[in-house]
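Here is a friendly briefing to read with the structure open beside you. Have a look around first, then follow the topics below.

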Amino acid sequence: MMEFDRAEHDNDRVEKTGENGINTETPAPDTEAHRESCEDREESQKSWSLERNWGFTLEELFKLALKFFKEMNGKAFNPTYEENLRLVALHKQITIGPYDPKACSEIGFFDVLGSDRRKEWLRLGSMAKEDAMEDFVKLLNSCCSLFAPYVTSHKIEKEEQEMRRREEEERLRLEREEQERRRLEEEARHREEEERRLKEDEQRRKEEAERLQIERQKQHIMAVLNAQTIVQFQQYAKQQYPDSPDQQQLLIRQLQEQHYQQYIHQALRLQQMALQKQQDSNVTQTPEALSAPVSDEAALTCNPNSQSNSLENQEQQTDSKTFQLCVEGKTGEVPIIAPSMWTRPQIKEFKEKVVQDHDSVITVNQGEVLTVRVPTHQDGSQLFWEFATDHYDIGFGLFFEWKDLTKPASTETTETKEGTEQVKGEEQAGQGRCPLVHEVVPVSRRDSHEEVYAGSHQYPGQGVHLLKFDNSYSLWRPKVVYYRVYYTR
């Protein structure tokens, strides 16, 4: 059981203990200010002592004591009559204040208990409320041994509640911090998503604008190319499907698409060749001198109409292969128009038609170049050709041999075909001149065993078209060629 520090004080005397253990008495100062300061100091010391010993403030401790007295009086403890009177009087002194006969009602003559309580209350005089609280707690503790454990249990409960309160405050603080952190992260994520969405929208708009621009350029180029080749493709489609207009239109669209792809591929190749030529000539030429060829090649892809049917002519210029021609005593360039070339997948049907004509099936032996000569017809305006092979590819190229144009034999020699006669060329060569042969389509290997290769070329003038089938690269395999040539008006 906890013990109270009882400090007995007297207003008239102050006890002091000397070194020899003898108590001496000295008269206390008789001034009012000194008494008040001593009372205040003693009151604060008492309050601090109670809080230190019990862990509660004076008011909290009094409330616990009053609750214990009301609940346990006559049950857990039985105070004496005098102690009970003192406790009741202290309670009235705390709750009402000092006894005032005018404010209190009169008691009966036979009310002994009430009279004793009034007397005990009166004896308290003007005791302060805090002193009355302290005396109530000390008296209850002295007369009941269960009060101290009762206060201790409440102290432990209070500490636990305080600890739970601090834990709850800490938990709430951490929750607020976590919510704030999540809010900031969510805002940052929303901003990032918004920025990413805006970037994606901008990228999609750019891609769509580029796609539309490319599509417009493609439509423009195809319109120009289709205007140049529509007659040729219509004639070719009528010959392939004479009784089916739908098949003719489908074939024409396929040919136009293939012609466009061929044009773009060749234009890009010419650009690369021009750039390579510019890089090679940077050593000896200034940038100003090189700007013109590049702009000419760039104009080729942007404005096909201005360079209509002149891709092969441009290619020959980049190959630096020029001819000095003798035409009525004047020199000039050969007016060759670029051919149109395409493929189609109906290789089996094509072979079945061609095989019926034995002269249209030829064999090109290994290491051999075979040339088919097709003279221009006086009633024709264009030459058409088609060919396919069995199992393996073959090289193909187209040349045009002029009838009335020649060149000196020493400057350029004409490639002679194997297995064919060139009587006129030999006679002219014997006279010191040879017929001019112009390359229309350079010889390159074609996958003619997978698709039918076809094309057309407008007559540049009177002469002979030379269809060259090149198998010189093959050392072991001969190639069977199925071909067909014809002209249109």
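How much area does the protein chain expose, and what share of it do carbon and sulfur atoms supply? The exposed area comes to about 30900 Å², and carbon and sulfur atoms supply 50% of that. Please keep in mind that this is a predicted model.

**The chain as a whole**

- You will find 11 helices and 11 strands in the protein chain.
- The chain has 489 residues, and buried residues make up 35% of them.
- Among contacts with a separation of 6 or more, 81% are between residues 24 or more positions apart.

**Two helices to look at**

- Helix α2 covers residues 58-72, which is 15 residues. From its first C-alpha to its last it reaches 21 Å, close to the 21 Å expected at 1.5 Å a residue.
- The buried residues in α2 include Leu58, Leu61, Phe62 and Leu64, and Ala65, Leu66, Phe68 and Phe69 are buried there as well.
- Just past the end of α2, Gly74 adopts a positive phi of about 85 degrees.
- Helix α5 (residues 129-143) also has 15 residues, so at 1.5 Å a residue it should span 21 Å. Its end C-alpha atoms are 21 Å apart, in agreement with that expectation.
- In α5, hydrophobic-looking names are not the whole story: Glu134, Lys138 and Asn141 are among the buried residues. The others are Ala132, Met133, Phe136, Val137, Leu139, Leu140 and Cys143.

**Strands and their pairing**

- Strand β4 (residues 361-364) has two faces: Ile362 and Val364 are on the covered one, while Val361 and Thr363 are on the uncovered one.
- Four bridges pair β4 with strand β11 (residues 479-488) in the antiparallel sense. Within this pairing, Thr363 has Val480 of β11 as its bridge partner.
- Strand β5 (residues 369-375) is mostly covered, with five of its seven residues buried.
- β5 and β10 run antiparallel and are joined by seven bridges. Leu370 stands opposite Phe469 in β10.

**Aromatic rings**

- The model holds 17 aromatic pairs.
- One of them is Phe387 with Tyr453, a stacked pair at 5.9 Å centre to centre, with 25 degrees between the planes. Phe387 belongs to strand β6 (residues 382-389) and Tyr453 to strand β9, so this pair ties together parts that are 66 residues apart in sequence. Phe387 and Tyr453 are both buried.
- Phe469 and Tyr483 form a tilted pair, with 6.2 Å centre to centre and 45 degrees between the planes. Since Phe469 lies in strand β10 (residues 463-470) and Tyr483 in strand β11, the pair ties together parts that are 14 residues apart in sequence. Here too, Phe469 is buried, and so is Tyr483.
- Ring pairs link these four residues with Trp385 and Phe396 into a cluster: Trp385, Phe387, Phe396, Tyr453, Phe469 and Tyr483.

**His457 and its surroundings**

- His457 sits in strand β9 (residues 452-458). Is His457 buried or exposed? Its relative accessibility is 0%, so His457 counts as buried, the cut-off being under 20%.
- The side chain of His457 makes a polar contact of 3.0 Å with the side chain of His465.
- Apart from neighbours within four places in sequence, His457 is in contact with residues including Ile336, Ile337, Ala338 and Pro339. Ser381, Gln382, Leu383, Trp385, Leu398, Val440 and His465 are also among its contacts.

**Ser340 and Gln462**

- Ser340 is part of strand β3 (residues 340-344). With a relative accessible area of 3%, Ser340 is buried.
- Not counting residues up to four places away in sequence, Ser340 touches Thr229, Gln232, Phe233 and His259, as well as Ala454, Gly455 and Ser456.
- Gln462 is located in the loop between β9 and β10. Which residues does Gln462 contact, leaving aside neighbours within four places in sequence? They are Thr376, Phe400, Glu401, Trp402, Lys403 and Asp404.
- Gln462 and Lys403 are 59 residues apart along the chain, and their C-alpha atoms are separated by 5.7 Å.

How values were computed: Residues numbered from 1 in each chain as written. Predicted model: local features only at pLDDT ≥ 70, side-chain atom pairs only at ≥ 80, totals over all residues. Heavy atoms only, no water. Buried < 20%, exposed > 50% of the residue type's maximum accessible area, 1.4 Å probe, protein only. Polar contact = N/O pair within 3.5 Å; in protein donor to acceptor, adjacent residues only side chain to side chain. Contact = heavy atoms within 4.5 Å. Areas by Shrake-Rupley, 256 points an atom, 1.4 Å probe, with all protein chains shown as cover. Expected span 1.5 Å × (residues − 1). Pairing = 2+ DSSP bridges. Phe/Tyr/Trp six-rings, centres within 6.5 Å; stacked < 30°, edge-to-face > 60°.
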